[in-house]
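Welcome! Open your viewer, get comfortable with rotating and selecting, and follow along stop by stop.

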Amino acid sequence: LEAYYDRHHATIYLNVISLFEGPMFLNMCQSIESTLAPGSNSEEEVDVEAWIRSHESAEMKLLLHAFLLSNVVFLVQDELQIDLECLELLKNLATIKSILSTQLEKTDAKMESLQRLLASPVPSLSVIFDATKYIKEAKLSLATEIDSFINETQKKVEQQCRSFLRRSQFESLFQSPSSQVAHVVDLGASPLEAVLN
């Protein structure tokens with residue numbers, strides 16, 4: 001979980017990095033490979049499935065933490081549709097938050113910081129779809145062509161977002177504004193600039 005402080009806007013940005021992204025995942029795989037290699041000093045057998053599950057669990061905790069701390073959550077998608085695995089992850093997060101709230105109500109232990117987090121308003125969710133790859137594939141170069149493509153695609157993905165993300169099971173995790181549920185952008189070389197616009 002990376003944090004950035006924007007002094008000018010007095011805003012803290014949290015960035016959840018998946019444990020299964022690029023270099024981090026490669027490093028972990030190399031670590032397992034060296035452990036499993038013949039002649040390695042480790043006599044302990046590695047349960048790869050258990051190892052993956054433990055990292056998935058850690059990732060879920062980080063993600064839930066980000067949802068509990070944030071006012072707005074940006075979900076960035078590479079494809080021009082919601083990744084179903086990502087949707088499943090959001091479902092699981094909502095379930096975990098619900099279970100955590102129920103358990104906290106039953107316990108006598110005072111966990112004031114956790115209680116405050118769980119009682120805080122749910123963040124609003126913005127889904128960002130990167131159209132860069134599709135703009136290149138369609139060889140769109142004129143600004144008017146790109147704007148037209150993005151506007152048309154915006155309508156399609158917003159319809160998909162509404163059907164997926166407005167389910168009651170997500171209510172405890174985030175809220176989706178009635179307008180601009182999804183943002184289709186050409187992230188290009190300046191993703192932050194595109195998102196802020």
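Here is a short tour of this predicted model.

**Stop 1: the sheet.** Select strands 3, 4 and 5. They form an open sheet of three strands in the order 3-4-5, with parallel pairing. Which strands stand at the edges? Strand 3 and strand 5 do; each has a single partner strand, so one side of each is left without a neighbour in the sheet. From one strand to the next, the twist averages 25°. Now zoom in on strand 3 and strand 4, whose parallel pairing runs over six bridges. Select V73 and you will find L125 of strand 4 standing opposite. If you wonder what holds such neighbours together, strands of a sheet pair through backbone hydrogen bonds.

**Stop 2: a helix on the sheet.** Add helix 6 to your selection. Helix 6 packs on the sheet and touches strand 4 and strand 5. Its direction makes about 150° with that of strand 5.

**Stop 3: the core.** Next, show the side chains of L90, F129 and L165. In the largest nonpolar core, which has 33 residues, these three touch the most other members. At least two core residues come from each of helix 2 (48-69), strand 3 (72-77), helix 3 (84-106), strand 4 (124-130), helix 6 (143-165) and strand 5 (182-185). In soluble globular proteins, nonpolar side chains tend to be buried together.

Stay with L165 for a moment. What is L165 in contact with, leaving aside its neighbours within four places in sequence? The partners are I82, L87, L90, L125, V127, F170, F174 and S176.

**Stop 4: three rings.** Two names from that list lead to the next stop, so select F170 and F174, then add F67. Ring pairs link F67, F170 and F174 into a cluster. The rings of F67 and F174 have centres 6.4 Å apart and planes at 40°, so this pair is tilted. F67 belongs to helix 2 and F174 to the loop between helix 6 and strand 5, 107 residues apart, and their pair links distant parts of the chain. F170 and F174 make a stacked pair, with 5.4 Å from centre to centre and 20° between the planes. Are these rings buried or exposed? F67 and F174 are both buried, and F170 counts as buried at 1% relative accessibility.

**Last stop: a loop.** Finally, select A10, in the loop between strand 1 (2-6) and strand 2 (11-15). A10 has a positive phi of about 50°, although it is not a glycine. With 57% relative accessibility, A10 counts as exposed.

Terms used:
Residues are numbered from 1 along each chain as its sequence is written. This is a predicted model: local features need pLDDT of at least 70, side-chain atom pairs count only at pLDDT 80 or more; totals for chains, interfaces and linings use all residues. Side-chain values use heavy atoms; hydrogens and water are left out. A nonpolar core is a set of buried Ala, Val, Leu, Ile, Met, Phe, Trp, Tyr and Cys residues joined through side-chain atoms within 4.5 Å. Buried means under 20% relative accessible area, exposed over 50%, partly exposed in between (1.4 Å probe, protein chains only). Helices (H or I, at least four residues) and strands (E, at least two) are DSSP runs, numbered from the N terminus. Contact means heavy atoms within 4.5 Å. Rings of Phe, Tyr and Trp (its six-membered ring) pair if their centres lie within 6.5 Å; planes under 30 degrees apart count as stacked, over 60 as edge-to-face and the rest as tilted. Two strands pair if DSSP finds at least two bridges between them. Axes are lines fitted to C-alpha atoms, for helices over the stretch in contact, and angles run from 0 to 180 degrees between N-to-C directions.
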